[in-house]
Amino acid sequence: MKIAVNGASGYTGRLVVTELARRGIEAVLVGRNPERLRAAAGKTGFEVRIADIGDQDSLAAAFAGADAVVNTAGPFARLGAPVVRAAIAASAHYVDTTGEQHYINEVFDTFTDAAVDAGVSVVPAMADDGGPSDFISHLVGETAGPVDRLTVALWYRDGSFSRGTLRSLDPNLLFDGALRYENDGWTTYGAASHATWRFPSGDAPVGVSKAALPPVATVPRHVPVGRMEGLLGGSFDALKVITPAVIDSLPEGPDDEQRRQGRWTISVEASGQDGRTVRGEVEGTDGYGKTAVIAVEAARRLVTDGAKPGVLAPSQAFDPETFMDFLSEHGVRWRVTEG
Ligand SMILES: NC(=O)c1ccc[n+]([C@@H]2O[C@H](COP(=O)([O-])OP(=O)(O)OC[C@H]3O[C@@H](n4cnc5c(N)ncnc54)[C@H](OP(=O)(O)O)[C@@H]3O)[C@@H](O)[C@H]2O)c1
């Protein structure tokens, strides 16, 4: 098995490279900067191939012979589509680490037919937020039956974001531009349904904002749901005023120690059409490290187990329970409760 990593020189890309080496999976590191790619390869012995995202042919050539592409080069709204197109052209499966809700819908809208024709599976959002939140929502939906309302709340704490994440968080899209699902489609909306949310690990309710979370783009594709929205816990006021120059001046991302201390919680609540309430919770640490674990396992499963061709939500590509059990082996806790 050979996996191409696009964006291998970046903060998340290097973690993906480390995870591939740890698992003994052969990799090709793809990007625009030979020096940074060689540094990312380190002592792994992985091949380096140079391709700029602006050059479609060189990108497809760089993916030649790869069974799957893991794409970590963001912001995905700006950089993602050419990489999906090149992976399909190279007949390689595709997963990425995006957290950008609008981009995820764009991938479904743009690439479904091409992926089916090429016989490859394209699974965006296989990161610490998009993967587990989609899986837990599916498991909650299975328990609840047809769902009237589904709410997913996400809470990051004790950590910090990478520069690449900050560049990818467009506050206009993330907050005011957030989409919710209702009447069989996605739409912008007014106020969030909740101002606070009680997370399983928090003593007190946490302030939440409406947010463009990935699962709102993926879950309605496999869970029958009347309305679904996303909430983000904590205060993100600084995001609304931070400038690109300030982001450029920050460290590339948290150091290893800080990274491992970061905690994330996903809390899902479904009201079934029969009046029952079902909740799901996922808790983990080291969001960037877990993102690498999730993206590599997703690519490995597409290659070894296969999935149907096309653009797929995580739960359409993988069995949600066995994937969550795999994450349990990496310290992620999850449960579904009724009532
Ligand atoms: N949702 C989640 O939970 C989650 C978790 C982790 C990461 N992510 C997302 O993953 C993305 C990467 O984050 P990061 O922290 O790794 O960012 P990063 O450190 O800035 O890395 C970005 C990568 O993209 C490459 N790149 C940028 N512009 C390019 C271009 N025009 N052509 C070719 N390559 C280009 C960079 O190459 P150079 O080295 O040459 O600059 C680098 O390899 C972000 O969108 C982030 O939000 C999401």
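Me: How many aromatic pairs does a search of the whole structure find?

Reply: Ten turn up. Rings of Phe, Tyr and Trp (its six-membered ring) pair if their centres lie within 6.5 Å; planes under 30 degrees apart are stacked, over 60 edge-to-face, the rest tilted. Keep in mind that this is a predicted model, where local features need pLDDT of at least 70, side-chain atom pairs count only at pLDDT 80 or more, and totals for chains, interfaces and linings use all residues. Residues are numbered from 1 along each chain as its sequence is written, and side-chain values use heavy atoms, leaving out hydrogens and water.

Me: How is a pair of aromatic rings described?

Reply: By the distance of the centres and the angle of the planes. Take F323 and F326: their ring centres are 5.9 Å apart and their planes at 80 degrees, so this pair is edge-to-face. Together with F135 and F318, they form one aromatic cluster.

Me: Is F323 buried or exposed?

Reply: Buried means under 20% relative accessible area, exposed over 50%, partly exposed in between (1.4 Å probe, protein chains only). F323 has 0% relative accessibility, so it counts as buried. F326 is buried too, at 9%.

Me: What sits over the ring of W155?

Reply: A charge sits over a ring if NZ of Lys or CZ of Arg is within 6 Å of the ring centre and within 35 degrees of the ring normal. Over W155 you'll find the charged end of R157, 3.9 Å from the ring centre. Likewise, R221 lies over the face of F108, 3.6 Å from the ring centre.
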